[in-house]
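Thanks for sharing this one with me. Here are my notes, point by point, to read with the structure open beside you.

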Amino acid sequence: SSSSTSQKPKTYEGPKPRKNLVADFISKNDDLVRSLPIYVGGASLLAVLFNRTVSGIAPVADASSSQSRADLLALGLAVTNLLTGLVWLSIRPKSITPVNPKGVECKVVESDLPASMVSELLWAWESLKVATCCKSLVIVYNGICLIQIGMVAESPEDKKTVIVKTDKLMQGSVYRGVMKSKAQSYLANLSLYPGRSELPFLPANTQAVILQPLGDKGIAVIGGNTIRGFTSSDQAWISSIGEKLDATLGRYFVDSDEISRVTV
Amino acid sequence: AQRSTRIFARTENDSPQSKTSDQQLNLSVLRFTFGIPGFDESYLPRWIGYGFGSLLLLNHFSASAPISESQMRSEALGLSLAAFSIALPYIGKFLKGSVVEQRSLPEEGEQVFVISSNIGDSLKEDLAWATYVLLRNTSTIAVLISVQGELCVRGYWNCPDQMSKAQLHDWFKKKVDEIGLADVKETLYFPQYAGSALSLDILPDGTRSLFVQPLVQNTNEPQKVNGFLLVASTAGYAYSDKDRAWIGAMAEKFRG
């Protein structure tokens, strides 16, 4: 109805973002800025007392003199700064250093899939890699391992990459638990989790895992290199991507099932 | 085809309100709070700064002359402390893990959903899905994706009422061409957007964050742009690095 876009696109003359020097400085010097109010408040506190001493004012403050009132207000402000600094220090997010996954880079994609589906799976992988601490991804759907990509464990005996054994995974309690609950399961600290032996294909030092069910037919196993490395926003995005993959994959497998039934 | 209808049905029913507030960094700390609803304690130093600062001035001008030197020193220090206290909430916003502002939905107007009719089904589904999850997973209230001149618009926009979908589609297309957004070559992020004289008047009232992500093509040809993705929010500083990374990942899907 309206495809008259043959003319050249207009050049963009809208606003351009300006650099916020304050924001840049603070995010680069987080620790310094966080404790700054404590230093400022503490120093001011001492300065007020020092000022009273050297000026020969009696140490007892009484509200009748304007000097004492000014000093009390300054002290109140100094304490406000001090307390703000303490609050800032107490809400500092713990930074947990990521580990280097012990394993080998691997990319195994099921060969029967149409190109559009492969590109969608690869897009999901790239998104996870860019936006989260994800280092390994495995997607099993309809009893087939569609993709195993990223870091993969190496078996100690023959130095070969550990390929996902779909049957074993699907019979395991981890898989069945996720399928039963139909909800994402976040193993924020994998080393505390006994079921990790059912995920032998992940690098041995994988720190956190998200198990995302894809409808009732499959699962995405997402391994990360940081303890509690996936934020709640990551979890929400991963659920969304899970729904999307289930929609795309589900339609393909329903169609291909029908075709195979017809040909048989 | 049943599965695709499921996605579409959900996208029409779910409003951005369904997004929960657990979107920020996962911090397992106890936060000191008075627990007064509607009162943001992080602004407390600012109010104390204003209050005590004015009291200092009041004290200065009500005092009987002559004012001693030591009192002047105290007052100078007190006023600088007041200024610093007033600035503290602003500084605190940029610290890692600070609380993000919540978006507010416009009181007037309704959500719109407009999509070009002459595009393939799979692209249509991808566009509908992407605009939906951007509303759900970030504090976006208005999203627009343009792929090779074709549009998908969703959320609250400052657009005329009583227009049919087709008219609305053409209206958006005209506006987008006027701004020249298809020409943007690098990401634009305005965390403190305060309106603009240009044709960005299609953004909803009260927009405080605006993020534009061009869809740069995967070819070797430099700077070949396939379209753009625009999200706007009524919260200031709405898009953290993480949010922008995820929005960039969404944009990857339409790079072509």
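1. How many residues does the contact take from chain B, and how many from chain A? Chain B puts in 78 residues and chain A 69 residues. Please keep in mind as you read on that this is a predicted model.

2. On the extent of that contact, a general word helps: the size of an interface is often given as the accessible area lost when the parts come together. For chain B and chain A the buried area is about 6500 Å². Carbon and sulfur atoms give 63% of that area.

3. Polar links cross the interface too. Between chain B and chain A there are 6 salt bridges, and 26 residue pairs are in polar contact, counting pairs with both residues at pLDDT 80 or more. One salt bridge to look up joins A:E120 to B:K253, where the closest N and O atoms are 3.0 Å apart.

4. Which elements of chain B supply its side of the contact? Seen from chain B, α1 (2-13), α2 (44-62), α3 (69-92), α4 (121-137), α5 (165-179), β4 (188-190) and α6 (241-252) each supply at least two residues to the side that touches chain A. The most comes from α3(B), with 15 residues. Sorted by class, this side of chain B has 37 nonpolar, 21 polar and 20 charged residues.

5. Turning to the fold of chain A, you will find an open sheet of 6 strands with antiparallel pairing, in the order β1-β3-β2-β6-β5-β4. β1 (104-109) and β4 (185-187) of chain A each have a single partner strand and stand at the edges, so one side of each is left without a neighbour in the sheet. From one strand to the next, the twist averages 15 degrees.

6. At the β4 edge of chain A, β4(A) pairs with β5 (residues 208-214) in the antiparallel sense over 3 bridges. Within this region, A:L187 is opposite A:V209 of β5(A).

7. Two helices of chain A are worth viewing against the sheet. Helix α4 (residues 115-131) of chain A lies across β1, β2 (134-141), β3 (144-152) and β6 (218-224), and runs at about 150 degrees to β2(A). Helix α6 (residues 173-181) of chain A lies across β4, β5 and β6, at about 115 degrees to β6(A).

8. Chain B has an open sheet as well, with 6 strands in the order β1-β3-β2-β6-β5-β4 and antiparallel pairing. Its edge strands are β1 (111-115) and β4 of chain B, each pairing on one side only. Ignoring direction, neighbouring strands of the chain B sheet are turned by 5 degrees against each other on average.

9. In chain B, β4(B) pairs with β5 (residues 209-216) over 3 bridges, in the antiparallel sense, and B:Y189 is opposite B:F211 of β5(B). Helix α6(B) packs on this sheet, touching β4, β5 and β6 (225-233) of chain B, and its direction makes about 35 degrees with that of β5(B).

10. Finally, the salt bridges as a whole: the structure holds 17 over all chains. Among them is the pair A:R92 and A:D31, whose closest N and O atoms are 2.5 Å apart. A:R92 lies in the loop between α3 (66-90) and β1 of chain A, and A:D31 lies in helix α2 (residues 30-54) of chain A, so this salt bridge ties together parts that are 61 residues apart in sequence.

Definitions and conventions. Residues are numbered from 1 along each chain as its sequence is written. Chains are lettered from A and ligands numbered from 1 in the order in which they are written. This is a predicted model: local features need pLDDT of at least 70, side-chain atom pairs count only at pLDDT 80 or more; totals for chains, interfaces and linings use all residues. Side-chain values use heavy atoms; hydrogens and water are left out. Two strands pair if DSSP finds at least two bridges between them. Helices (H or I, at least four residues) and strands (E, at least two) are DSSP runs, numbered from the N terminus. Axes are lines fitted to C-alpha atoms, for helices over the stretch in contact, and angles run from 0 to 180 degrees between N-to-C directions. Contact means heavy atoms within 4.5 Å. Buried area is the accessible area (1.4 Å probe) that two parts lose on being put together, summed over both. A salt bridge is a side-chain nitrogen of Lys or Arg within 4 Å of a carboxyl oxygen of Asp or Glu. A polar contact is a pair of N or O atoms within 3.5 Å; within protein, one must be able to donate a hydrogen and the other to accept it, and residues adjacent in sequence count only if both atoms are side-chain atoms. Ala, Val, Leu, Ile, Met, Phe, Trp, Tyr, Cys and Pro count as nonpolar, Asp, Glu, Lys and Arg as charged, and the others, Gly among them, as polar.
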